Amino acid sequence: KGWLSSYYEWILTKLFEIKENKIWIKEEIKNYYLIIDEINRWNISKIFGELITLLEADKRLWEENEIITKLPYSKEDFWIPSNLYIVATMNTSDKSIVSLDTALRRRFWFKEMLPDYSLPNLNKNIEWINLAQLLQKINNRIEYLIDKDHLIWHSYFLKTDNILDIKLVIYNEILPLLEEYFYWEEEKIRKVLWKSLFKTKQFNNNLFENKSDFENDENQYEINEDLNNEEFINALKNIIKSNEED
């Protein structure tokens, strides 16, 4: 138990007192929240086990179908009070959600959180580039080519204050994401962004012994990091003003 024993033993004592006296005044009892980040990466069956049933609202302490179970090792009674709320997050683009325990899906209320383009730190102009419009256009194309579970979150652009910041976000954060989304599909990455952000990859003509071996009808592309600020700004402007099919 260690140094935490003084805390939870006191809590258990108080809970037993309340249960024995049948006193339950919800207005006087504080709510407590357990926040779990990326719950989809857990092994739910190993962590919760049979206790996952106790998460249900009607199985909580003093509810209609109250369940009090015994812990397997200590043999002590265990329950979940009604004033404990479990808030968990997950990234829908993560492939691990496919194997998410169905028992967990039944017991949690899911709320979709989409990028918020109305945030003040996002809805601003940098060198005539509106960040909200830029992100929304990129996400519209991603949703069309894949689905809305892979939309790029607004947090990437919230701390950008100048064109250099935007370059770092595009080159170092957005592009690696797109490369993961569109593995072996370079052309789709170019469709999401603007073609001038890329350049045709050049190969040495003497790479092969016979020139016929070098013939390749499909061009390969790489990010064009040689763009100056003006060229980069124009590329972003074209992303914003272009039609979705461009």
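In which helix does arginine 106 lie? In this predicted model, arginine 106 is placed in helix H3, and its side chain belongs to the exposed class, with a relative accessible area of 59%. Although arginine 106 and glutamate 56 are 50 residues apart along the chain, their C-alpha atoms are separated by 9.1 Å. Glutamate 56 returns below as a member of a salt-bridge network.

**Salt bridges**

Across the whole structure, a search finds eight salt bridges, and three of them are set out in the table, including the pair formed by glutamate 38 and arginine 41.

| Acidic residue | Basic residue | N to O distance |
|---|---|---|
| Glutamate 38 | Arginine 41 | 2.4 Å |
| Glutamate 56 | Lysine 59 | 2.8 Å |
| Aspartate 161 | Lysine 124 | 3.4 Å |

The bridge between aspartate 161 and lysine 124, with its closest N and O atoms 3.4 Å apart, joins two loops: aspartate 161 lies in the loop between H4 and H5, whereas lysine 124 lies in the loop between helix H3 (102-107) and E5, so the pair ties together parts that are 37 residues apart in sequence. Of these two partners, aspartate 161 is exposed, at a relative accessible area of 57%, while lysine 124 is partly exposed, at 22%. Salt bridges with shared partners also link Glu56, Asp58 and Lys59 into one network. Within that network, lysine 59 is buried, because its relative accessible area is 16% and the buried class covers values under 20%. In the bridge of glutamate 38 with arginine 41, the acidic partner, glutamate 38, is partly exposed, with a relative accessible area of 31%, and arginine 41 is exposed, with 55%.

**Aromatic rings and a nonpolar surface patch**

Two aromatic pairs are found when the whole structure is searched. One of them is formed by tyrosine 33 and tyrosine 85, whose ring centres are 5.5 Å apart and whose planes make an angle of 25°, an arrangement classed as stacked. Why does this pair tie together parts that are 52 residues apart in sequence? The reason is that tyrosine 33 lies in strand E1 (residues 32-36) whereas tyrosine 85 lies in strand E4 (residues 84-88). The two rings are not hidden from the surface: tyrosine 33 is exposed, with a relative accessible area of 54%, and tyrosine 85 counts as partly exposed, at 39%.

Both tyrosines also take part in a nonpolar patch on the surface, which they form with Ile35 and Val87 and which has about 440 Å² of accessible area in total. Strands E1 and E4 each contribute at least two residues to this nonpolar patch.

**The largest nonpolar core**

In soluble globular proteins, nonpolar side chains tend to be buried together. The largest nonpolar core of this model has 37 residues, and those with the most contacts inside it are Phe157, Ile166, Leu178, Leu193, Leu197 and Phe232. Two or more residues of this core come from each of helix H4 (131-145), helix H5 (163-181), helix H6 (186-192) and helix H7 (229-241). Among the contributors, H5 gives the largest share, namely 10 residues.

Phenylalanine 232, one of the core residues with the most contacts, also has a charged partner: the charged end of lysine 167 sits over the ring of phenylalanine 232, at 5.6 Å from the centre of that ring.

**Two tryptophans with positive phi**

Which backbone angle of tryptophan 62 is positive although this residue is not a glycine? The angle is phi, with a value of about 70°. Tryptophan 62 has its place in the loop between helix H2 (44-47) and strand E2 (69-70), and tryptophan 62 is partly exposed there, with a relative accessible area of 23%.

For tryptophan 128, phi is near 70°, again a positive value in a residue other than glycine. Tryptophan 128 is found in the loop between strand E5 (125-126) and strand E6 (129-130). Is tryptophan 128 buried or exposed? At 74% relative accessibility, tryptophan 128 counts as exposed, since the exposed class begins over 50%.

Definitions and conventions: Residues are numbered from 1 along each chain as its sequence is written. This is a predicted model: local features need pLDDT of at least 70, side-chain atom pairs count only at pLDDT 80 or more; totals for chains, interfaces and linings use all residues. Side-chain values use heavy atoms; hydrogens and water are left out. Rings of Phe, Tyr and Trp (its six-membered ring) pair if their centres lie within 6.5 Å; planes under 30 degrees apart count as stacked, over 60 as edge-to-face and the rest as tilted. Helices (H or I, at least four residues) and strands (E, at least two) are DSSP runs, numbered from the N terminus. Buried means under 20% relative accessible area, exposed over 50%, partly exposed in between (1.4 Å probe, protein chains only). A charge sits over a ring if NZ of Lys or CZ of Arg is within 6 Å of the ring centre and within 35 degrees of the ring normal. Patches are made of residues with over 30% relative accessible area and no salt bridge: like charges are joined within 9 Å, nonpolar side chains (Val, Leu, Ile, Met, Phe, Trp, Tyr) within 5 Å. Accessible areas come from the Shrake-Rupley method with a 1.4 Å probe; for residues, only the protein chains shown count as cover. A salt bridge is a side-chain nitrogen of Lys or Arg within 4 Å of a carboxyl oxygen of Asp or Glu. A nonpolar core is a set of buried Ala, Val, Leu, Ile, Met, Phe, Trp, Tyr and Cys residues joined through side-chain atoms within 4.5 Å.
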